[in-house]
Protein chains: 2
Amino acid sequence: MDTNQLSATFAALADPTRRAILARLAEGEATVNELADPLPLTLQAVSKHLKVLEQAGLISRGRTAQWRPCRLEPVPLREATHWLERYRQFWDGSFDRLSAHLQEIQKGNAHG
Amino acid sequence: MDTNQLSATFAALADPTRRAILARLAEGEATVNELADPLPLTLQAVSKHLKVLEQAGLISRGRTAQWRPCRLEPVPLREATHWLERYRQFWDGSFDRLSAHLQEIQKGNAHG
DNA sequence: TGTATATTCAACCATCTAGTTGATAAGCCT
DNA sequence: AGGCTTATCAACTAGATGGTTGAATATACA
């Protein structure tokens with residue numbers, strides 16, 4: 001996958017406010033106000049966080065009257081998980097997978 | 001897990017240079033010079049990246065003569081993966097797990 | 001002792017980030 | 001039309017980030 005996309009995803013996930021927003025969206029769609037309500041931030045700050053999440057592809061937004069409902073988008077989360085899977089050999093104790101993983105790494109799709 | 005630790009991990013992973021370093025370390029220990037060699041950066045810049053990775057707990061460093069060999073540490077990668085697992089329901093098509101995941105989320109260990 | 005190698009520290013700089021306040025835009029409702 | 005709600009845009013600020021160059025530290029080796 002695209003390196004920049006992966007960087008954007010991890011950068012987006014690095015902020016606890018944005019992770020809180022994603023956790024909320026895991027329960028279903030929400031408007032900007034609903035997302036901002038439990039957070040100790042101005043609406044504008046939350047709006048900025050949503051922009052970051054949207055540009056990273058982690059959320060998408062509808063448009064109903066003056067509301068812009070946000071919903072979780074799975075693809076970047078899947079890609080991030082996929083990237084991390086490469087390192088699973090280091091902690092899951094199953095060294096059967098080791099050589100397969102190393103081969104995949106050395107195939108050239110190395111540091112995504 | 002600790003929110004700050006998770007933030008540090010994702011922030012560290014957000015940089016492609018640092019991901020390249022981790023990919024190299026997945027093949028085994030390496031010194032700072034070995035890590036810097038393929039990178040279009042000064043040694044000092046690489047040293048800074050290693051400091052970030054070390055503070056995030058993603059690497060640890062030995063000390064042999066004037067060399068400070070780096071090695072991959074699995075725990076933060078495991079924790080990051082574990083955090084992402086919570087969202088697996090959104091892409092893996094197995095909706096059997098959905099309710100279990102939602103329950104876990106609502107238990108209160110929500111937005112880590 | 002003196003030099004080469006490996007690595008870090010310090011200072012500096014440009015850019016990005018996360019927040020603020022205030023103004024603006026878009027859509028409903030009377 | 002006018003007012004309320006929802007949300008974004010614009011400008012600004014403080015602090016973090018990622019890079020540089022130059023100096024310092026630590027260890028080996030002749």
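**Entry 1: where the two protein chains meet.** I began with the pair of chains and found 33 residues of chain A in contact with 33 residues of chain B. I keep in mind that this is a predicted model. Next I looked up the area buried between chain A and chain B, which is about 3,000 Å². Carbon and sulfur atoms give 74% of that area.

**Entry 2: polar links between the chains.** I counted 2 salt bridges between chain A and chain B. In one salt bridge, the side chain of Glu85(A) meets that of Arg88(B) at 3.9 Å, N to O. I also noted 8 residue pairs in polar contact between the two chains, both residues at pLDDT 80 or more.

**Entry 3: chain A's side.** I asked myself which element gives the most residues to the side of chain A that touches chain B. My answer is H5(A), with 7 residues. By class, I read 22 nonpolar, 6 polar and 5 charged residues on this side.

**Entry 4: DNA strand C.** I then turned to the DNA and found 22 residues around strand C, with Thr42(A), Lys48(A), His49(A), Asn33(B) and Ser47(B) the closest. Of the strand C atoms that come within 4 Å of the protein, 66% belong to sugar and phosphate.

**Entry 5: single contacts with the strand.** I looked up Gln66(A) and saw a side-chain N or O atom 3.3 Å from a base nitrogen of strand C. For Arg68(B), I noted a backbone N or O atom 3.2 Å from a phosphate oxygen of strand C.

**Entry 6: the surface near strand C.** I found that H4(B) gives the most to this surface, with 5 residues. My last tally for the surface was 6 nonpolar, 9 polar and 7 charged residues.

Technical notes:
Residues are numbered from 1 along each chain as its sequence is written. Chains are lettered from A and ligands numbered from 1 in the order in which they are written. This is a predicted model: local features need pLDDT of at least 70, side-chain atom pairs count only at pLDDT 80 or more; totals for chains, interfaces and linings use all residues. Side-chain values use heavy atoms; hydrogens and water are left out. Contact means heavy atoms within 4.5 Å. Buried area is the accessible area (1.4 Å probe) that two parts lose on being put together, summed over both. A salt bridge is a side-chain nitrogen of Lys or Arg within 4 Å of a carboxyl oxygen of Asp or Glu. A polar contact is a pair of N or O atoms within 3.5 Å; within protein, one must be able to donate a hydrogen and the other to accept it, and residues adjacent in sequence count only if both atoms are side-chain atoms. Helices (H or I, at least four residues) and strands (E, at least two) are DSSP runs, numbered from the N terminus. Ala, Val, Leu, Ile, Met, Phe, Trp, Tyr, Cys and Pro count as nonpolar, Asp, Glu, Lys and Arg as charged, and the others, Gly among them, as polar. A residue is near a molecule or strand if one of its heavy atoms lies within 4 Å of it.
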